[in-house]
Amino acid sequence: MAFVTYILLSTLLAGLRGQFHPEVMGLTATTAFVVVLLEILGLKFGTYVLSISNDSQLLDLVAYSGYKFVGVIVTLVVSETLNRGAGTGGWAGWTVFTYTFMANALFLLRSLKYVLLPDSSSATPAGSSMHTIARSQRNRRTQFLFIYSYVVQFFFMWILSRQDGGRRSPAVAQAQVAGAAAAAARVVGS
């Protein structure tokens, strides 16, 4: 739900700034989809490399990946409101972005801890897939969890919170330049 809301909100904000063109919705949706796909592939690759056998379903990982969109939506709305349509730049945008990023990273750190770092101190129930892991393996998993929760999330949230509504494809830019040149020729000719 936050995924679709992000796409619609980004498109709406581009339209309110007068920078809407039909490609904005497709570009925004593609960027968001690629971010989610890369994140899930990176998480699955990390669990494979670290020999983490988890019972997490793909939809669970998609759900964890979708939480970043809530923070990005809040960042876009608050920064557009406080910056009077100037985008996510400025002190307001960075302050809100920092808060929502830290909240999302802390949430992921605490939530994924149970998936990546099984509790070896308590007795595991019979039939459980949890097992004791070596200290070095636990340290690698902790480092992976930190990098995923903070570094990767910062990068992806930053990509999603940038406002690309003003970025045009070469064809659109060429058409706008041609239209401006034709208008200038009419003004000069009259």
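The largest nonpolar core here has 21 residues, and those with the most contacts inside it are Y6, F69, V72, L76, F101 and L160. (A nonpolar core is a set of buried Ala, Val, Leu, Ile, Met, Phe, Trp, Tyr and Cys residues joined through side-chain atoms within 4.5 Å; buried means under 20% relative accessible area, exposed over 50%, and partly exposed in between, with a 1.4 Å probe and protein chains only.) At least two residues of this core come from each of α1 (2–16), α2 (23–49), α3 (58–82), α4 (90–116) and α5 (135–161). Helices are DSSP runs (H or I, at least four residues), numbered from the N terminus. Apart from this core lies another, of 11 residues, with L43, L50, L112 and F144 among them.

A word on the model: it is predicted, so local features need pLDDT of at least 70 and side-chain atom pairs count only at pLDDT 80 or more, while totals for chains, interfaces and linings use all residues. Residues are numbered from 1 along each chain as its sequence is written, and side-chain values use heavy atoms, with hydrogens and water left out.

Back to Y6: leaving aside neighbours within four places in sequence, Y6 is in contact (heavy atoms within 4.5 Å) with T28, A32, F69, V72, I73, L76 and L160. Two of these, T28 and A32, are on the list of buried residues of α2, along with V24, V35, V36, E39, I40, L43, G46 and T47. Just past α2 comes S51, with a positive phi near 55°.

S51 turns up again with Q137, a residue of helix α5. Beyond its neighbours within four places in sequence, Q137 is in contact with L50 and S51. Q137 is buried, at 15% relative accessible area. Further along, α5 bends by about 35° at Q153 (the angle between axes fitted to the seven residues ending there and the seven starting there). That bend of about 35° at Q153 sits in α5.

Now the aromatics. Rings of Phe, Tyr and Trp (its six-membered ring) pair if their centres lie within 6.5 Å; planes under 30 degrees apart count as stacked, over 60 as edge-to-face and the rest as tilted. The whole structure has 11 such pairs, including these two:

| Pair | Centre to centre | Angle between planes | Type |
|---|---|---|---|
| W94 and F97 | 5.6 Å | 85° | edge-to-face |
| F97 and F154 | 5.5 Å | 70° | edge-to-face |

W94 and F97 are three residues apart in helix α4, so about one helical turn separates them. F97 is in α4 and F154 in α5, so their pair ties together parts 57 residues apart in sequence. F97 is buried at 3% relative accessibility, whereas W94 is partly exposed at 42% and F154 partly exposed at 35%. Ring pairs link W94, F97, F101, F146, Y150 and F154 into a cluster.
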